[in-house]
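Please find below my notes on the model, set out as numbered points. They follow the sheet, its packing and a few single residues.

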Amino acid sequence: MSLPGPKPPPLDLSEDERTELQRWVRRRKTAQDLALRARIVLACAQGMSNAQVRRELGVSAPTVTKWRQRFAEHRLEGLTDEPRPGRPRTVTDAQVEAVVAATLETRPAHGTHWSTRSMAKHTGLTQNAVWRIWNAFGLQPHRTESFKLSTDPFFIDKVRDVVGLYLDPPERAVALCVDEKSQIQALNRTQPILPMMPGTPERATHDYVRAGVTSLFAALDTATGRVITSIHRRHRATEFKKFLAKIDREVPAELQVHLVLDNYATHKTPEIRRWLLRHPRFHLHFIPTGSSWLNLVERWFAEITERLIRRGTHRSVQALEKDIRAWAASWNEDPRPYVWTKTAEEILDSLAFYCQQINKRTNQSGH
């Protein structure tokens, strides 16, 4: 156990220094390293010891000592990075901040996002300088991603129910994730596919001929990774009931059957309800609306889409269905279960934090 060292001298801040440090901390676009250094100095100025600051901010003791001393010796300038050898910088910190702030907080007059060319014209820097700044701060204005937050009024209860089934499945029971992949198209390219060669990827024509569609019903066993499948040309309640009957035949009679499925209308028709009443060992667990990520069979659908369907060429629906059956059979010869790791509370905490960030950014942008 290390002995306590000498007590560091207290830090006294001027009003201007305190204001600037607080601006660095509050400004959501500040570089994270600089914001952390500002937090360390502000905590030290409150009279905290190095050990208290270390525990409060979750940093190492040498980090606290370094930035306390740097500020005591050089004040605000001591918190910035020291000059490095080589050619002197031609882009100032103020210009970097201006590019970062403009990228994150504004839009060009006639566009939805900045390009290196438009930002260079806006700031007076070169395109290469703008690109280097964006690369340093991990900014990619050309990219966008989609998201969807469920508005299901029973979202919390359903998440806890489904995740609880994954993490602590009941004894003498099987848990199956069920869904349909509908409207799978049998597509045939209008010209022969050119095979891959060294330096050249496989090439296929952009246009194709549609030969028809089919639907794949699948039930993924969460414990073993095996999949029960059925193929139908339509995906009505009638086909879903036939699939339930197939599951009933293939799952040993002494086991209870827990199905995780979405809120599709065909899963809740009177015909399906009557069938479930006649088969009391079936128990349904509905995921929240708009939460397909909670159904593990979607991961299996992604596998078969990526490995077979997307780049497959089929002249008929029959040929497509034959390939799907063969692929599913091959999967079941060496199944790989998908292991769920997050608890319901971790998921809910993560979503709550995400919602807080959305509200914060919405309020800051004035929308």
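1. Is H258 buried or exposed? H258 is buried, with a relative accessible area of 12%, where buried means under 20% relative accessible area, exposed over 50% and partly exposed in between, with a 1.4 Å probe and protein chains only. This residue has its place in strand 4, and, not counting residues up to four places away in sequence, H258 touches L165, P170, A173, V174, A175, L176, H283 and H285, contact meaning heavy atoms within 4.5 Å.

2. The basis of these statements should be kept in mind: this is a predicted model, in which local features need pLDDT of at least 70 and side-chain atom pairs count only at pLDDT 80 or more, whereas totals for chains, interfaces and linings use all residues. Residues are numbered from 1 along each chain as its sequence is written, and side-chain values use heavy atoms, with hydrogens and water left out.

3. Strand 4 (residues 256-261) pairs in the parallel sense with strand 5 (residues 282-286) over five bridges; helices (H or I, at least four residues) and strands (E, at least two) are DSSP runs numbered from the N terminus, and two strands pair if DSSP finds at least two bridges between them. Within this pairing H258 stands opposite H283, while V260 stands opposite H285. Together with helix 10 (residues 270-278), the two strands make a right-handed β-α-β unit, meaning that, with the strands pointing away from the viewer, the path from the first strand over the helix to the second runs clockwise.

4. The open sheet consists of five strands in the order 3-2-1-4-5, with mixed pairing. Strand 3 (227-232) and strand 5 each have a single partner strand, so one side of each of these edge strands is left without a neighbour in the sheet. From one strand to the next the twist averages 30°, with axes taken as lines fitted to C-alpha atoms, for helices over the stretch in contact, and angles running from 0 to 180 degrees between N-to-C directions.

5. Helix 11 (residues 297-309) packs on the sheet, where it touches strand 1 (173-189), strand 2 (208-221) and strand 3, and its direction makes about 25° with that of strand 1. Among its buried residues are V297, W300, F301, I304 and L308, and the buried residues of this helix pack against strand 1, strand 2, strand 3 and helix 12.

6. The largest nonpolar core, a set of buried Ala, Val, Leu, Ile, Met, Phe, Trp, Tyr and Cys residues joined through side-chain atoms within 4.5 Å, has 36 residues, and V159, L216, W300, I304 and I324 have the most contacts inside it. Helix 8 (155-167), strands 1, 2 and 3, helix 11, helix 12 (317-333) and helix 13 (344-365) each supply at least two residues of this core. Another core, of 19 residues, lies apart from it and includes L176, F243, V257 and L261.

7. On the cysteines, C177 is buried, with a relative accessible area of 0%, whereas C355 counts as partly exposed at 30%. The count of disulfides, each a pair of cysteine sulfur atoms within 2.5 Å, comes to zero.
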